[in-house]
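Hi,

Here is the structure for you to look over. My notes follow below it.

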Protein chains: 2
Amino acid sequence: MTTLTKKRPWDRGARERLLTGASRLFARKGYAAATVREIVQEAGVSKPVLYYYFKNKEGLYLDLMREALARFDALLEESRQHQGSVRERLILLAERVFGLFMEQIEVARLAYSIYFGPSQGAPFFDFDALHLKFRQVLMTLVEEGIGNQEIKKKNVLDITIALLGVINVAMELRLGHPELHLGKKELRRVLHLLFEGLAREKETIRGKKG
Amino acid sequence: MTTLTKKRPWDRGARERLLTGASRLFARKGYAAATVREIVQEAGVSKPVLYYYFKNKEGLYLDLMREALARFDALLEESRQHQGSVRERLILLAERVFGLFMEQIEVARLAYSIYFGPSQGAPFFDFDALHLKFRQVLMTLVEEGIGNQEIKKKNVLDITIALLGVINVAMELRLGHPELHLGKKELRRVLHLLFEGLAREKETIRGKKG
């Protein structure tokens, strides 16, 4: 207990191991079923270490989500510096988001289960803010693309939904169907397909708007 | 108990009310947290009625999923009879799937939470079979479209993933962002967008394959 009151970290890797161990356990058993005892066992530390860094399981969960969100935010912020055509920047952003998702696939699995499922007693975390921020960045890029005539003059939200759909399905297929080995390369291919269109003949609504 | 041993249904709506009530409760509280007592209360019947029709909560859950799956199967089967271009048939199928999803949005929410989350003690249900069947029907249509030169000669799985992405995101935005009021009309528009392509100028990889 003296170490606790001094607030001295036991070793620098302990906090990281707790986050990783917890995300693994949460993804496997669900948030509610994973106990503090199991989390500290998985991380190879004692309970006071968890209490020191996170106060409790709720605190650990929130830090897990906040850190993933912070990395996502940084990635969105970075994307403003990207050079190239709007298409290139959209595809690069999608690849980066997919890459972050892959690095944090356990956290992503947990986020999906809490977002779509019952909260399992997990404290509130604003997943929608994350979605809205991403959507906004995509919409801004789409508007820029329409402005510089790279993208057709169609409903901005429709275009954004199509982009979100492709990025999203790549992530969900990764969660549910790893046998497809869907990676960045495939995601990029499908996004190019979306830009080029599936239709072989451009027989329809050609002159209407585009 | 005499009614039980005679296996006489109390009233014809009771089974339906139990299914509806349970799906509502499962969607709200999660599968694990919803008790038999709450389900029968929600349905306005007594416990023996639930036991008679479903044996237990697991049985009710499985019937709920099996009936949704049967309706989905029927819809896929029906789609073989559709007339028109491949594009029209793909869009019609997507609209029907979205329509079924909307009719059963509580069941869909439950399915999402179990699929992505911990099972919450729910008995195994093969959601992947459903996904694979849908994917197969889409792929067959895409192949037909490539064969009759409606669709570009690209990777069939890539095209199918793009279609799945658009259908999927429409459903998920419906679950998470009802404020967008995404409906069949919007879904159809976004699918047409996918066929036409986002790019205004067809400057890239034009002659390569398509």
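**Domains and chain contacts**

The domain assignment splits chain A into domain 1 (1-55) and domain 2 (66-210); such bounds come from an automatic or database domain assignment. This is a predicted model: local features need pLDDT of at least 70, side-chain atom pairs count only at pLDDT 80 or more, and totals for chains, interfaces and linings use all residues. Residues are numbered from 1 along each chain as its sequence is written, while chains are lettered from A and ligands numbered from 1 in the order in which they are written.

The centres of domain 1 and domain 2 of chain A, taken over C-alpha atoms, are 33 Å apart. Seven residues of domain 1 of chain A are in contact with nine residues of domain 2 of chain A (contact: C-beta atoms, placed from the backbone, within 7 Å). That side of domain 1 of chain A has four nonpolar, two polar and one charged residue (nonpolar: Ala, Val, Leu, Ile, Met, Phe, Trp, Tyr, Cys and Pro; charged: Asp, Glu, Lys and Arg; polar: the others, Gly among them).

Now the two chains. In chain B, 43 residues are in contact with 43 residues of chain A. Helix 7 (105-116), helix 9 (156-176) and helix 10 (184-196) of chain B each give two or more residues to this side (helices: DSSP runs of H or I, at least four residues, numbered from the N terminus). Helix 9 of chain B gives the most, with 12 residues. By class, the side of chain B that touches chain A has 19 nonpolar, 11 polar and 13 charged residues.

On symmetry: a turn of 180° and a shift of 0.0 Å along the axis lay chain B on chain A with an RMSD of 0.0 Å (least squares on C-alpha atoms of residues with pLDDT of at least 70 in both). The two copies are therefore related as by a two-fold rotation axis.

Best wishes

Methods: Contact = placed C-beta atoms within 7 Å.
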